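Hi,

Here is the structure I promised to pass on. Have a look first, and my notes on it follow below.

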Amino acid sequence: MKREWDLLHTPGPTPIPPSVERSMNQPMIGHRGGKAKELIHAIAPKLKPVFGTSGEVLVVTGSGTSSLEASVVNTTKPGDKVVVVVAGAFGERFAQICETYELDVIRIEVPWGKAVEGSQVEETLREHPDTKAVFLTHCETSTGVMHPVEKVAETVKNKSSALVIVDGVSSIGGAEVKMDQSGIDILVSGSQKAMMLPAGLAFLAVSERAWSVIDENPRPRFYLDLRKYRQQLEGGQTPFTPALSLLFGLQQVLELLEEEGLDRVFERHQTMKEMTRSACRALNLPLLVSDEDASSTVTSIRPETFEAEQLRKVANEEFGLILAGGQKHMKGEIFRIGHMGYSRPANVLQYIGILEIVLKRLGHEFEPGAGVAAAQTAYLERTREE
Ligand SMILES: *Cc1c(COP(=O)(O)O)cnc(C)c1O
């Protein structure tokens, strides 16, 4: 049978719910008319709880990286000192954006696969009291580490007046971030990870404190000038033509999240993480990240008895199961399973069952069925708790 769709378990892009696909298929509307206003006004309040904020969440047309770049250009000017936690490919990207915009970048290098500690940030701020902003990645997608950004934000708040800027591209919609409560100033995300949409929307939630910095920042900027987006949002508009089809889809995504309940959405991701990790243990697959630091949206495995790339190839060719490889120096070292967005425990049972066959093909040793059984047990344990 011709393969019409992939079993997509990469940490972005992710599968799109059918009702969201249907929503995106609506006939086009005028972006300055009443319908667009209605759409934008319907979306705005529902985005807030997803970001853990009572402030407005701005929507920019662009991939996730545009939200990272927007957070940099709007809050800083050349020569400003900033601290960037670099614990993987996306922390590195934040640092590169900051360097591109001529900031004085102090990097906190964390080994790939480990989480940053509050004390590291505290120490760095003590050495660099003139730091204007601290950049963090919530889920470091390249390793599958979920950094304790709320804790770090609280530490930064206690020790300095630096802004706390968080990349939540691969966590928002799948994991909770209490933005307002923890004092995060800017929380950014993108559409094609846990937000269950195609790539093309970038999100920025901005605190009042950050707005005062943005309003006074003399750096020139045009497309990514967040002041334009804030001003236009009041009237249900965007400064430039919005990606209306994606907004139709977003409206439906927000319906789905609301219907399930955000707490349950986050629980579901935790369940998928625990099922996946239990199965990996039972299959003698070494996990890159400790239980404490592991992300609920993506799991990294560092195999020792076979090539990660070979596993990905067989899984794809034989079953249409698409997994991600490693990035940068971890290329060929690890493979990564995305379990975020439109993904459920049923999908975990499916990919673990497939993985067992692929592992057999690769000559990896384990007790047949052990992975699926472990995932089932993890599922039963978690659902008993409720
Ligand atoms: C995917 C991702 C990005 C970049 O998103 P693009 O849409 O590819 O620009 C940034 N940060 C994190 C943590 C990501 O997972």
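Let me start with the second largest cavity, which is lined by Phe90, Thr137, Cys139, Thr141, Asp167, Val169, Ser170 and Lys193. That lining splits into three nonpolar, three polar and two charged residues, where Ala, Val, Leu, Ile, Met, Phe, Trp, Tyr, Cys and Pro count as nonpolar, Asp, Glu, Lys and Arg as charged, and the others, Gly among them, as polar. The space inside comes to about 30 Å³.

Before I go on, the small print. This is a predicted model, with pLDDT of at least 70 needed for local features and 80 or more for side-chain atom pairs, while totals for chains, interfaces and linings use all residues. Residues are numbered from 1 along each chain as its sequence is written, and side-chain values use heavy atoms, with hydrogens and water left out.

For the empty space, a 1 Å grid was laid over the protein atoms alone: a cavity is a set of points where a 1.4 Å probe fits but cannot get out, a pocket is an open set with protein on both sides within 12 Å along at least five of seven lines, and lining residues have an atom within 4 Å of a point. Points are joined across faces, edges and corners, and a volume is the space filled by probe spheres set on them.

Now Lys193, from that cavity lining. UniProt (unreviewed entry) lists Lys193 under "modified residue: N6-(pyridoxal phosphate)lysine"; bear in mind that such annotations may be inferred rather than shown by experiment. Lys193 sits in the loop between strand S9 (186-190) and strand S10 (201-206); strands (E, at least two residues) and helices (H or I, at least four) are DSSP runs, numbered from the N terminus. Lys193 counts as buried because its relative accessibility is 8%, the limit being under 20% relative accessible area, with over 50% exposed and partly exposed in between (1.4 Å probe, protein chains only). Beyond its neighbours within four places in sequence, Lys193 is in contact (heavy atoms within 4.5 Å) with Pro11, Gly12, Thr14, Val169, Ser170, Met340 and Gly341.

Arg336 is worth a look too. The same kind of record, an unreviewed UniProt entry, has a "binding site" annotation covering Arg336. Arg336 is in strand S14 (residues 335-338) and is buried, at 7% relative accessible area. Its side chain reaches the backbone oxygen of Thr141 at 2.6 Å, a polar contact (a pair of N or O atoms within 3.5 Å; within protein, one must be able to donate a hydrogen and the other to accept it, and residues adjacent in sequence count only if both atoms are side-chain atoms). Thr141 also helps line the second largest cavity.

What about the rest of the empty space? The whole structure has two cavities of 30 Å³ or more, and the largest has a volume of about 200 Å³. Of its 20 lining residues, Val59, Val60, Leu233, Gln237 and Thr238 are closest to the centre. Strand S2 (57-61) is among the elements giving two or more residues to this lining, and its five residues are the largest share. By class, the lining has 16 nonpolar, four polar and no charged residues.

Finally, the largest pocket has a volume of about 580 Å³. It is lined by 26 residues, with Met146, His147, Pro148, Glu292 and Asp293 nearest its centre. Ten of them aside, which are nonpolar, the lining has eight polar and eight charged residues.

Cheers
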